[in-house]
Each structure stands twice: as structure tokens, then as C-alpha cells.
Amino acid sequence: MTGQTLYDKLWSQHLVKERDDGTALIYIDRQLLHEVTSPQAFEGLRLAGRKPWRLDANLATPDHNVPTTFKERAEGNAGIKDPVSLIQVQTLDDNCIEFGIEEFKINDPRQGIVHVVGPEQGATLPGMTVVCGDSHTATHGAFAALAHGIGTSEVEHVLATQCLLAQKMKNMQVRVEGKLGTGVTAKDVVLAIIGRIGTAGGTGYAIEFAGSAIRELSMEGRMTVCNMAIEAGARVGLIAVDDTTIEYLAERPFAPRGEQWQAAVADWRNLVSDADAQFDKVVTLDASEIEPQVSWGTSPEMVTGISGEVPDPVEQGDDTVKRGYTRALEYMGLAPKQKITDIRLDKVFIGSCTNSRIEDLREAAKVARGKKVADSIKLAMVVPGSGLVKRQAEAEGLDKIFTEAGFEWREPGCSMCLAMNADKLGAGEHCASTSNRNFEGRQGYGGRTHLVSPAMAAAAAIAGHFVDVRRFDAQSAAEEA
Ligand SMILES: CC(C)[C@H](C(=O)O)[C@@H](O)C(=O)O
């Protein structure tokens, strides 16, 4: 028998029953809940007269609809001006009280984006199955947890039974080998992967990210990579357990302690693909060839390196691609062959479940330190991923670096990633954004999103247009001289 992949192991460890037609029931260890996709699930439970099967498997926090200004947050839920947003957040609070589920409410210091909060608390652990009514649940796969988004009716099913109907995915390995250049980050790696395999490249697969460049990443970088697996079409992104994983989790509030910790660690060490495991598909990238990335279009696969240019639709062989590119350039207000460094920005957003962890903020602050946001930028905002990230950043003085440079320093939440709160792009505005989706209207009606790393976003805020962050310091020193 050939060896098992990490995904195969996680799957078989959680399999309750599998039918001949491939339908299976898997056990779920952890469910994370937020205000957008849980109301109908709780309502379903209520109508059926059911109770959650295992209360302590669930953890909730509002994130999508919370305001991010200090003033509004000081008022708690009453600070939420949009009535629909308020209903969602209030309903989550009410449901968690009624059903007895632990929730980090709006002004709890542990509140934040659900995908930042889970790992930060150690509520996400290796070997777990983790679900949430949110497509970016793939983030948690960075811990060798089988994690993916589910729909609202499935949220109800998991609440009621702690199990989920599932179908086994195929195995894909994406290897990134070699050393990343200075200024090239996890975000650039995942954008480059999506640029290579496309937004449908991972459909039907669980992607395991592997190779020396992935091993070198911190847990935060690994979360950034797995977070965007869904943007490559894969519901699941995974990274094997190693010392980095274990060190990150030690002493986290929800992590086991003492002998249980020792036993867990011994077990977690097996959460790697066997050397002779077979993948259905393998893709390899050379880390040294990856440049800082910038998306130019309206799909995450429409991305290129900072030294590149906007493609010319006319040069695309395939008619569908030609039409897609033409439409994207029209929406984005960009010209064929325009240099990426010539794209001017109106707003800058540093945050989201992709890039709002402490290391992301450190990388952005390193670039912003002692500089000023360009006058042409209408709004540059930094939105920490959780109250604890915010606290840590403030202890390190990062908030001061940002505010002195002219960035707004906000309260934690999903914010301008998808404009479910008041933070939005106006029609036609270009935004350098550290988030994960650049779809039409994603950050506000008519808004134009460019996906980048935190360092690239900070550099763009200062220059007013995209610049190569690898040369940014040298460049600004030369300009000052
Ligand atoms: C609101 C939620 C259902 C949605 C998702 O699942 O991805 C959101 O988080 C997003 O990023 O678009």
C-alpha cells in the first residue's frame, strides 16, 4: 500500500461512515461562527426544537458587520448605524446567549476576524476538522487541520449533530522550492500560485502547500497562503505540522496543557504526508522567481509581478480570455500594456483575514516608518485582525508609526475587504488592498481593488502609485537627496 497524504490522514481519522457512492459523514471538531451565516442555522435549530450537540465545539465572534472607528465601537452594538448590520450582530449575541455558545462580543478584547481569532486562541489545533460558514476557513489548514467553509444549512447540521455530509476531494500538492527574495512575502507566493494555476486550478482538490519556501514561512505567512486556497478554487489548503506549528500553539488559551500537551504534540508530529504518498496533481514553483505581486483585474488570477504590465487582451489566444480581459480592463479603468507602477491609488486598505496579523502590520510599519502618506491618497487605513493583535501592535508602537505617517488606525473587523460595514470604496476608486478578492464591487459599488502584500500596500500609500517595495527604501532615499 502506498503512503497517505496529510489530507488522506485527516479524512480517515474523521470518517464516521462512507457509502458506496462516495457520500460520507465526517466528524467535526470545531465550528467557528460569525454573524452573517449563522442566523438561519440557529433559527432552524429553534424551529426543530433542537439543541447544539456539543457546546464547547463552537466559538463565535462578530466580524463582517462591525464598525471600525473608535467612536462607534465605544458605543458597543448601538454604534452600528446600518440597521441590517445591527440585526446580524445583535442576533448572533442573542443566539449565543440562548443556546449557550461562547462568543467574543464586539468589545471583548478577543473579538476579531474569525479566522484570526481561532488560531490566536488555539481554538484551531492540528488534526482537527474545522468548519465555519465562510469560504476563508481554509486559513486554518495552515495548522494541518482539515478546514473548509460550509453553507448555512450545514452550519445548522453541524450544530445539531457535530457531523457533516462530505465527499472526499482529490489530492494536489503545490511545492514552492528555494528562497524568497527580500521583500517577497507569503501573500506574493499565494498570488503567484493563483496566477499560475488559475482560480479553477484547485477545484475538487485539497491543496497541500509544501517545499522549502513554505517550510520557511512563519505560521502567519502559512495562514496567508492557506487563506487564499479558495481563491485558487480549492476549499481546503493544508500545511504539514513542524516545529513552527507547535511553537506557535504552546500556551494558547484553548490549547491543551501539561501531559495532554505532550501527548497531543506526539500525535501531531504524524500530521505530514508520507514520503511515498501519491498526489493526483503536483505543481512546482521556483521561489526565487516570485516578485512582489499586484492584481490588475477582477479575479485573483489576473495578477502579475510589480515589474510587469497590464496585459493586452488582443494578444490573448483564447476568445473567452480575450473577452474576460477586455471586460476587466474596462471595469478597472486600465489600458493594455500600462505599467503596473503607473497605476495610481485613491485608497489603501491593510487588513482582512488574509493579512491583518501582527507580522503583517510589522511589515507594513517597516515601510511606513518615518514617511508620509501621499497627498493624493484619500484614505489609508490599517485594521488589525483582532483586539489582541491591536493590543500587541500598540505595545510595539506600530499604531504611532502608522498614524504619524497619515494612516488611520482602526478597531478590528473585516472592514473594507468586503464593505459590509461603513468602510467602502467609491465608484472608480483604485485601492491597494491586502485582502483576498478583487471582484467587481467587492469593496464598494464600482470600486477597483488591487490585491497586494502589506509591505506593497504601505509603499503604495506613500508613493501614491504602485512601487517595487524591494527598491522602495533606496528609491525614497534617492528622491530625498
Ligand atoms: C460572508 C461570507 C459568507 C463570505 C465568504 O464565505 O467568503 C465572506 O467572508 C467573503 O469573504 O466573501
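**Two open sheets and the ligand site in a predicted model**

Across the chain of this predicted model, the pLDDT averages 97, and 98% of the residues score at least 70. The values of ipTM and pTM are 0.98 and 0.98.

Strands of a sheet pair through backbone hydrogen bonds, in either a parallel or an antiparallel arrangement. Antiparallel pairing is found in an open sheet of three strands, ordered β1-β2-β8. The edges of this sheet are formed by β1 (15-18) and β8 (163-167); each has a single partner strand, so one side of each is left without a neighbour in the sheet. From one strand to the next, the twist averages 25°. Five bridges join strand β2 (residues 23-27) to β8 in the antiparallel sense. Thr 23 has Gln 167 as its bridge partner in β8. Helix α1 (residues 6-14) lies across β1, β2 and β8, and its direction makes an angle of about 85° with β1.

Parallel pairing is found in an open sheet of five strands, with the order β17-β16-β15-β18-β19. Here the edge positions are taken by β17 (408-409) and β19 (448-451), each of which pairs with a single strand, so one side of each is left without a neighbour in the sheet. Strand β16 (residues 379-382) is paired with β17 in the parallel sense over two bridges. For Val 382, the bridge partner in β17 is Trp 409.

The surroundings of the ligand were examined next. Val 36, Thr 37, His 64, Asp 134, Ser 135, His 136, Leu 418, Arg 437 and Arg 442 surround the ligand. Several of these residues place polar side-chain atoms by ligand oxygen atoms, including Asp 134, His 136 and Arg 437. For Asp 134, an N or O atom of the side chain is 2.7 Å from an oxygen atom of the ligand. The corresponding distance between a polar side-chain atom of Arg 437 and an oxygen atom of the ligand is 2.9 Å. In the case of His 136, a side-chain N or O atom is 3.3 Å from an oxygen atom of the ligand. On its own, the ligand has 310 Å² of accessible area, of which the protein covers 79%.

Definitions and conventions. Residues numbered from 1 in each chain as written. Predicted model: local features only at pLDDT ≥ 70, side-chain atom pairs only at ≥ 80, totals over all residues. Heavy atoms only, no water. Pairing = 2+ DSSP bridges. Helix = DSSP H or I, 4+ residues; strand = E, 2+ residues; numbered from the N terminus. Axes fitted to C-alpha atoms, helices over the stretch in contact; angles between N-to-C directions. Contact = heavy atoms within 4.5 Å. pLDDT = per-residue confidence, 0-100. Near = heavy atom within 4 Å. Polar contact = N/O pair within 3.5 Å; in protein donor to acceptor, adjacent residues only side chain to side chain. Areas by Shrake-Rupley, 256 points an atom, 1.4 Å probe, with all protein chains shown as cover.
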